[in-house]
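Here are some notes for a reader who is opening this structure for the first time. Please keep the sequence and the model in view while going through the points.

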There are 2 protein chains.
Amino acid sequence: MKQSKYDALKLENQLCFPLYACSREIVKRYKPFLDEIGLTYTQYIAMMVMWERKSVNVKELGECLYLDSGTLTPLLKKLESKGYVTRMRSDKDERNLVVAITEDGEKLKDKAVEIPYQIAGCTNLTPEEGVQLYGILYKILGKTP
Amino acid sequence: MKQSKYDALKLENQLCFPLYACSREIVKRYKPFLDEIGLTYTQYIAMMVMWERKSVNVKELGECLYLDSGTLTPLLKKLESKGYVTRMRSDKDERNLVVAITEDGEKLKDKAVEIPYQIAGCTNLTPEEGVQLYGILYKILGKTP
DNA sequence: TATAATTAAATTGTGCACAATTTAATTTAA
DNA sequence: TTAAATTAAATTGTGCACAATTTAATTATA
């Protein structure tokens, strides 16, 4: 095997690259299912938080999703225009914007609930690999750089 | 533990979400190092292919990076304007655009070679976890959905 | 060999991501 | 208590991603 001081720069020796490619690949596999309920992937994970929390402010939502207001503000305006959430300044502290789920947003949950099962058929990992991957990814996320 | 038919829709039960979050998190960790050589992450992985292949057409580059011409065309124009690659239609088949590395592009490699080692200090995985992650990610990428 | 089908890039339009800045509200401290 | 510091969203600007369409070149076929 020919060695070079540049080996560390080869695409095949990167861990970050397959992570980046895989992330996009999986989002692409979600697309046909998400199209049926009219959500993008980012809107879908935002709705996941809403289905669980019912009401959060932008900062909390951002902490859940690792996203900032620059991404969330336009996204939440879109979810509002679709009628799935409302956006209102908090009475207690008007700096906070409270995002709350609507009845239509709740109804969407019943359509969305099939998606995880449909997606399961699109991956080829063993249950063990899934658990390993999950653990490793959250280990990376947990480390404050 | 309270169970619900909606458990599959919880963010914490997703595999895709930490993948998506991790991918962005790691790209963010590259940013300070990439800033020093004036490349974005996508430009960096494109240059990795160029450093290895010297000359490729857009289609081949897209296959390496899992990206299409919609993403690559503007990106390659930027790399061209920075002087790291040239873009020329192929003589044999004018549908093909040949992207070739320049001398400046080659020189950049010597600056970039430090980056993988600098990044290594920013992750917290054991070597075994790294190997596991690598294998699982390429298994996902390999499966034609 | 014309015509149809295919192929490769480029283009168009939408939706993130995110750094940096701005605006407005609240909290802290002199 | 008022001025400074902090905080939360929104805004601005850049750079992807990617679906869908267009343009131009090449190949296959009737």
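1. DNA strand D is surrounded by 30 residues, and the closest are Y20(A), S69(A), T73(A), R87(A) and T40(B). The model is a predicted one, and the distances in these points should be read with that in mind.

2. Which elements give two or more residues to the surface near DNA strand D is taken up after three of the contacts. In chain A, a polar side-chain atom of R95(A) is 3.2 Å from a base oxygen of DNA strand D. L97(A) places a backbone N or O atom 3.3 Å from a phosphate oxygen of that strand. From chain B, the side chain of Q43(B) has an N or O atom 2.9 Å from a phosphate oxygen of DNA strand D. The elements in question are α1 (16–37), α3 (58–65), α4 and β2 (85–89) of chain A, together with α2 and α4 of chain B.

3. Of the atoms of DNA strand D within 4 Å of the protein, 80% belong to sugar or phosphate, and the rest belong to bases. The residues of the surface near this strand divide into 14 charged, 10 polar and 6 nonpolar.

4. DNA strand C has 30 residues around it, of which T40(A), Y20(B), S69(B), T73(B) and R87(B) come nearest. At least two residues of the surface near DNA strand C come from each of α2 (41–53) and α4 (69–81) of chain A, and from each of α1 (16–37), α3 (58–65), α4 and β2 of chain B.

5. Several side chains approach phosphate oxygens of DNA strand C. A polar side-chain atom of T42(A) lies 2.9 Å from one, and a polar side-chain atom of K77(B) also lies 2.9 Å from a phosphate oxygen. For Y20(B), an N or O atom of the side chain is 2.4 Å from a phosphate oxygen.

6. In chain B, 3 strands form an open sheet with antiparallel pairing, in the order β1-β3-β2. β1 (55–57) and β2 (85–89) of chain B each have a single partner strand, so one side of each is left without a neighbour in the sheet. From one strand to the next the twist averages 25°.

7. β1(B) and β3 (residues 97–101) of chain B are joined by 3 bridges, and V56(B) stands opposite V99(B) in β3(B). Helix α2 (residues 41–53) of chain B packs on the sheet and touches β1, β2 and β3 of chain B, its direction making about 80° with that of β3(B). Helix α4 (residues 69–81) of chain B also packs on the sheet, touching β2 and β3 of chain B, and its direction makes about 125° with that of β2(B).

Conventions: Residues numbered from 1 in each chain as written. Chains lettered and ligands numbered in written order. Predicted model: local features only at pLDDT ≥ 70, side-chain atom pairs only at ≥ 80, totals over all residues. Heavy atoms only, no water. Pairing = 2+ DSSP bridges. Helix = DSSP H or I, 4+ residues; strand = E, 2+ residues; numbered from the N terminus. Axes fitted to C-alpha atoms, helices over the stretch in contact; angles between N-to-C directions. Contact = heavy atoms within 4.5 Å. Near = heavy atom within 4 Å. Polar contact = N/O pair within 3.5 Å; in protein donor to acceptor, adjacent residues only side chain to side chain. Nonpolar A, V, L, I, M, F, W, Y, C, P; charged D, E, K, R; others polar.
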